[in-house]
Amino acid sequence: MRTILLNNQMIQAEDAHIHIEDRGFQFGDGIYEVIKVYNGSLFTIKEHIDRFYTCAEKLQIVIPYTKDLLHKMLYDLVEENELEEGHVYMQITRGVASRTHFFPSDVAPTFVAYTQQGDRPLQNLQRGVRAIFDEDIRWLRCDIKSLNLLGAVLSKQKAHEQGCYEAILHRNGVITEGSSSNIFGIKDGVLYTHPVNNYILNGITRHVLIQCCEEIGLPVVEEAMTCEQALEMDELLLTSTTSEVTPIIEVDCRPIADGLPGEWTRRLQQAFELKVKTAVMM
């Protein structure tokens with residue numbers, strides 16, 4: 001049996017119950033985070049917790065724990081489940097109230113966290129993945145990591161049905177991000193990615209990748225690219241907590257450059273790997 005966190009209590013997953021009028025269930029009124037676990041260590045946990053609180057504030061949800069306490073709760077959960085490789089999922093909703101669209105008053109939020117075992121995507125990291133382009137139909141506050149994921153789900157399903165790993169989203173031909181990732185292109189020794197605004201989530205792994213770029217001498221330009229420009233890139237890649245730094249070798253059945261992971265991508269993977277090893281050793 002797996003132990004989970006429900007509010008501030010550790011219980012068995014089979015004993016967990018969420019009220020039918022929880023606003024997360026009825027409205028998607030909440031936020032979430034996914035944190036990667038390497039060798040029992042929560043990678044970039046501070047950054048994930050900081051974003052969790054920032055997103056909650058944007059939705060006017062008050063998290064009833066200090067950041068330090070939440071940090072301890074998550075590590076206790078990992079230890080309780082003896083998780084070595086995988087991730088922690090956590091979410092908070094506005095809580096349980098009679099169904100009305102406006103915010104209820106004096107309602108306690110519902111917090112849930114659990115662990116999932118999972119190996120690193122080594123084959124994808126080595127070989128690269130295929131993707132498709134798809135229109136970005138999501139709401140205009142993609143900077144909030146909310147539970148409203150139906151637009152992303154539909155795009156991911158479309159990619160899955162075509163035997164691809166990811167859907168690269170665009171608004172009128174201008175790439176925003178992936179359905180569950182950030183997107184980067186490299187051309188003539190310069191890395192391009194969409195600037196941070198309400199159209200994308202400022203990914204934690206995105207931030208780590210930009211740090212890696214500085215360390216290996218790869219200039220970064222935060223400038224949106226079009227679908228046509230993406231197809232002409234020397235290298236294309238995506239980042240996320242679970243995907244790490246993954247090469248994209250083909251989009252809409254068209255190869256990127258020679259259809260193989262590029263040299264800059266390999267160097268970025270090495271720099272990312274070093275950060276993981278350093279964090280686990282601390």
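Select Ala 131 and Val 251 to begin: in this predicted model, Val 251 of strand 14 is the bridge partner of Ala 131. Now widen the selection to the two strands around that pair. Strand 7 (residues 129-135) and strand 14 run parallel and are joined by three bridges.

**Strand 14 and its hairpins**

Colour strand 14 by itself next, residues 244-251. Eight of its eight residues are buried, which leaves the strand mostly covered.

Add strand 15 (residues 254-255), which pairs with strand 14 in the antiparallel sense over two bridges. Look across from Glu 250 and you will find Pro 255 of strand 15 standing opposite. The two strands form a hairpin with two residues between them. Click on Asp 252 in that turn, where phi is positive, at about 50°.

Then go to the other hairpin. Strand 13 is connected to strand 14 by a hairpin of three residues. Show strand 13 as residues 235-240; five bridges join it to strand 14, and the two run antiparallel. Two pairs are worth labelling here: Ser 240 stands opposite Glu 244, and Thr 239 stands opposite Val 245.

**Strand 13 and Leu 236**

Turn on the side chains of strand 13. Which way do they point? Glu 235, Leu 237 and Thr 239 go one way, while Leu 236, Leu 238 and Ser 240 go the other, and all are buried. With six of the six residues buried, strand 13 is largely enclosed by the rest of the structure.

On the strand 10 side, select residues 182-187: strand 10 runs antiparallel to strand 13, with five bridges between them. Gly 185 is the residue opposite Leu 236.

Stay on Leu 236, which lies in strand 13. Is Leu 236 buried or exposed? Its relative accessible area is 2%, so Leu 236 counts as buried, the limit being under 20%. Show what surrounds it: beyond neighbours within four places in sequence, Leu 236 is in contact with residues including Ile 168, Phe 184, Met 225 and Ala 230. Pro 247, Ile 248, Val 251 and Ile 256 are also among its contacts. For a distance to try in the viewer, pick the C-alpha atoms of Leu 236 and Gln 162, which are 19 Å apart and 74 residues apart along the chain.

**The six-stranded sheet**

Now move to another part of the chain. Six strands form an open sheet with antiparallel pairing, in the order 2-1-6-5-3-4. Its edges are strand 2 (9-12) and strand 4 (41-42), each of which pairs on one side only. Helix 2 packs on this sheet and touches strand 3 (30-38), strand 4, strand 5 (85-93) and strand 6. The direction of helix 2 makes about 180° with that of strand 3.

For a pair inside the sheet, select strand 1 (residues 3-6) and strand 6 (residues 110-117), which pair in the antiparallel sense over two bridges. Leu 6 stands opposite Val 112 in strand 6.

**Helix 2 against helix 3**

Finish with helix 2 (residues 45-58) and helix 3 (residues 67-80), whose axes come within 11 Å and cross at roughly 125°. That angle makes helix 2 oblique to helix 3. The crossing is right-handed.

Which residues meet there? From helix 2 come Ile 45, Ile 49, Asp 50, Phe 52 and Tyr 53, and from helix 3 Lys 67, Leu 70, His 71, Leu 74 and Tyr 75. Colour this contact by residue type and you will see seven nonpolar, one polar and two charged residues.

Note on methods: Residues are numbered from 1 along each chain as its sequence is written. This is a predicted model: local features need pLDDT of at least 70, side-chain atom pairs count only at pLDDT 80 or more; totals for chains, interfaces and linings use all residues. Side-chain values use heavy atoms; hydrogens and water are left out. Axes are lines fitted to C-alpha atoms, for helices over the stretch in contact, and angles run from 0 to 180 degrees between N-to-C directions. Helices (H or I, at least four residues) and strands (E, at least two) are DSSP runs, numbered from the N terminus. Angles under 35 degrees count as roughly parallel, over 145 as roughly antiparallel, 65 to 115 as roughly perpendicular and the rest as oblique. A crossing is left-handed if the near helix is turned anticlockwise from the far one by less than a right angle, and right-handed if clockwise. Contact means heavy atoms within 4.5 Å. Ala, Val, Leu, Ile, Met, Phe, Trp, Tyr, Cys and Pro count as nonpolar, Asp, Glu, Lys and Arg as charged, and the others, Gly among them, as polar. Buried means under 20% relative accessible area, exposed over 50%, partly exposed in between (1.4 Å probe, protein chains only). Two strands pair if DSSP finds at least two bridges between them.
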